[in-house]
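Please look through the sequence and the structure shown here before reading the briefing below.

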Amino acid sequence: KCTSLAPASRIISTIWSEVVPRTMESSIRTMRLPRTSSRLALCLRRTPDWRAHMAAYAHLDIALDPVDAVSGATTIADTLWMGVPVVSLAGDTVAKRMAASLLTGLGQPEWVVSTPEAYVETVARLAGDVESRTAARAGQREKMRQSPLGDPKGLAACLEEAFEAMWKRWKYPKGDGACRN
């Protein structure tokens, strides 16, 4: 049974007032809110298990990263793995930029926007471009495998380098080789 959702903030209500009429024929999902028909529907319903959760992505055209909230991470990764494009309004904290990081790593920075207006435009453009979405879905899993997101050894090496650089900056704050005691 679908539940009416009250907007959490002015930015959300503004975005939804523009997104909904422009995407009524698309299957859009806000993270954790699966669609249930060919029309846009937001329903609070859980899938019974992981297999059903992943299968539900076959019914989605676009996923919307939460706006003005903590960004998705694991759910965004699942969504991308299943070939569904995600639109994200990059926030001003690490927690609000998780999806932006994943989308950039996938090579889809055009799905990351910086204003509510760009969010609406990007969602509307994707909703109206079935051909582009279909092509993205067909190749997205392989694209993810080939991207930095699919390279755990490379990621570990980059993290090691970053940790070593941070440690050196802490250990040698003046950059002159003088050790911090």
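What follows is a short briefing on an aromatic pair, an aspartate and a helix.

The model is predicted, and the points below take up these topics in turn.

**The aromatic pair**

- The structure holds one aromatic pair, and this pair is made by Trp-167 and Tyr-172, which meet edge-to-face with 6.3 Å from centre to centre and 85° between the planes.
- The arrangement is called edge-to-face because the angle of 85° is over 60 degrees, the limit for that class.
- Trp-167 is partly exposed, with a relative accessible area of 44%, and Tyr-172 also counts as partly exposed, at 28%.

**Asp-78 and its surroundings**

- Asp-78 lies in helix α3, which covers residues 74-81, and it counts as buried because its relative accessibility of 17% is under 20%.
- Leaving aside residues up to four places away in sequence, Asp-78 touches His-53, Met-54 and Tyr-57.
- With one of these residues, His-53, the side chain of Asp-78 also forms a polar contact of 3.3 Å.

**Helix α5**

- Helix α5 takes in residues 116-128, and its 13 residues should span 18 Å at 1.5 Å a residue, which agrees with the 18 Å between its end C-alpha atoms.
- The buried residues in α5 include Tyr-119, Val-120, Thr-122 and Val-123, and also Ala-124, Leu-126 and Ala-127.
- As background for reading such a list, an α-helix has 3.6 residues a turn, so residues three or four places apart point the same way.

Conventions
Residues numbered from 1 in each chain as written. Predicted model: local features only at pLDDT ≥ 70, side-chain atom pairs only at ≥ 80, totals over all residues. Heavy atoms only, no water. Phe/Tyr/Trp six-rings, centres within 6.5 Å; stacked < 30°, edge-to-face > 60°. Buried < 20%, exposed > 50% of the residue type's maximum accessible area, 1.4 Å probe, protein only. Helix = DSSP H or I, 4+ residues; strand = E, 2+ residues; numbered from the N terminus. Polar contact = N/O pair within 3.5 Å; in protein donor to acceptor, adjacent residues only side chain to side chain. Contact = heavy atoms within 4.5 Å. Expected span 1.5 Å × (residues − 1).
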